[in-house]
Amino acid sequence: MAVLTDSPLVRGPSGFRRVFLVGLLGALAIAAGAVPASSASVAEPGVGLTSPSALQIADAKALGVHWVRVFATWPDLEPQRGVFAANWVASYEQLFRSLPPGTKVIIDVVDTPRWETGSSDEHTPPANPNDYAAFLGALAKRWAGRVAAYEIWNEEDLASWWTGGPDPAAYARLLKATYPVLKAADPAATVVLGGLTGNDFPFLQGVYQAGGKGSFDAVGVHTDTACNILSPYRFLRGADNRMIPDSFLAYREVHATMLANGDPRPIWMTETSWRTTAATCSEGAWAGQKPEGVTPEAQAAYLSQAYHCLAQDPYVQVALWFPIQDDGPAVSGLVRANGSRKPSFDAMRDYVRNGDQLTEACGVFTGPTIRIASPANRVRYSGPLPIRVFARSPQDVSRLRLEIDGKVIRNYDNHTPSPTIAGFLNWQGAKHISFGRHTLTILAYDKQRNVSTRKLTIYHRHAKSKHRRRAHR
């Protein structure tokens, strides 16, 4: 392997650079000791390092986490075709040695050198996927036994990381080129489909449709989405009634997508976190309209809740908090930029040591309760039909809908949050439906778009039939 010397730097997920070797020698002195294993944990916990400083490594050791994730940039490691930067390679290998014994390392390999694409934009995808594959193969061969997993790119479903915009077919080609080369170099290494923004199951479906199945060992997801201030237990649904990708629990939609494609592989949550800031959101669809973060205390509570949810879904094998320490705009660390620890640090350490200790429900997936005062089931009527229905939910009721034979009669909406809703109607339209049997359906929706349904059978009869029966008597 040809080598050259260059300034060793590491790039974090926001595109900023940091000195990579700062504090490594100090870290070596304090990072001895074994990582305590927690048999109670289901999703193996870990943290993302933005700088392998003495402080970050010491904090990782104090947490006892099972995994550490770092970025590796192809342009820095191979600035010329076939020429690897000796000090960059050495800096990573020194990091591996500085970690506590038993710590597993996942490397997220991103960016493309100019010599490969001809572009100065390092987020441009490789012109030839085989070049990226060859680079990964060289790393995997050298680092076999020291790196447990490789993440193929980062948030490839975003134009800010994949120049030109999301392209599931192009990304599938990258996976298909890389997987056999990497596995040949290190059969024990886990190949992770690059962390999707949120739980982007539509993009994943595109990868499957492009033939990407079988070219990864796990699917990576990132639930540290912009300005997320909801508890892990809360979620939003889209028009298709599936949880939207930005919902934490939508990793279950990713799993459902995988199973629908006959793929039972695990999910690795390679980034999750909540920001601690009082600032107003400055990105995404809610820019300027909502807070950007939560309190440090809420962040700690959300961490415990997140791992509680994951403990119920063993197909999520690994879950990494990103980053371990606040760094520039990434104010979602367990540790502040000044080195002081947030309450979430203790929450993570408690999970590592003791596993999931919560017993509450992880999200509410049942709709509101419905009470029908009238009509009675199997009622026989003529003329207008009195309808009195009620719905209640601790999640707040957003809508009550009345339908006859699948067609809407009326919607009742709560325009401000309320745990109850009522619908009163002397339905004149009941006089105009055909005589005979019909189905009256009452649907109630909470603000998370959970829905409950009650159905009644009603019989519309001729008004004169009532008088005939009386006369017959």
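This is a short chat about the disulfides and pockets of a predicted model.

Reader: How many disulfides are there here?

Author: A disulfide is called when two cysteine sulfur atoms lie within 2.5 Å. By that rule there are two disulfides. Take Cys227 and Cys281: their sulfur atoms sit 2.0 Å apart. Cys309 and Cys362 make a disulfide too, with 1.9 Å from S to S.

Reader: Which parts of the chain does the pair Cys227 and Cys281 tie together?

Author: Cys227 is in the loop between strand 10 (218-222) and helix 9 (251-260), while Cys281 is in the loop between strand 11 (267-272) and helix 10 (296-311), so the link ties parts 54 residues apart in sequence. The torsion about its S-S bond is about 90°, so this disulfide is right-handed.

Reader: And what about Cys309 and Cys362?

Author: That link is right-handed, with 105° about the S-S bond. Cys309 lies in helix 10 and Cys362 in the loop between helix 11 (343-354) and strand 13 (369-374), so they tie together parts 53 residues apart in sequence.

Reader: Is Cys309 buried or exposed?

Author: Buried means under 20% relative accessible area. Cys309 has 0%, so it counts as buried. Cys362 is buried as well, at 6%.

Reader: What lines the largest pocket?

Author: It has 49 lining residues, and Cys227 is among those nearest its centre, along with Asp224, Thr225, Ala226 and Asn228. The space comes to about 1200 Å³. By class, the lining has 20 nonpolar, 17 polar and 12 charged residues.

Reader: How much space lies in the second largest pocket?

Author: About 190 Å³. Its lining has 14 residues, and helix 4 (86-98) and strand 7 (104-110) each supply at least two of them.

Terms used
Residues are numbered from 1 along each chain as its sequence is written. This is a predicted model: local features need pLDDT of at least 70, side-chain atom pairs count only at pLDDT 80 or more; totals for chains, interfaces and linings use all residues. Side-chain values use heavy atoms; hydrogens and water are left out. On a 1 Å grid over the protein atoms alone, a cavity is a set of points where a 1.4 Å probe fits but cannot get out, and a pocket is an open set with protein on both sides within 12 Å along at least five of seven lines; lining residues have an atom within 4 Å of a point. Grid points are joined across faces, edges and corners, and a volume is the space filled by probe spheres set on the points. Ala, Val, Leu, Ile, Met, Phe, Trp, Tyr, Cys and Pro count as nonpolar, Asp, Glu, Lys and Arg as charged, and the others, Gly among them, as polar. Helices (H or I, at least four residues) and strands (E, at least two) are DSSP runs, numbered from the N terminus. Buried means under 20% relative accessible area, exposed over 50%, partly exposed in between (1.4 Å probe, protein chains only).
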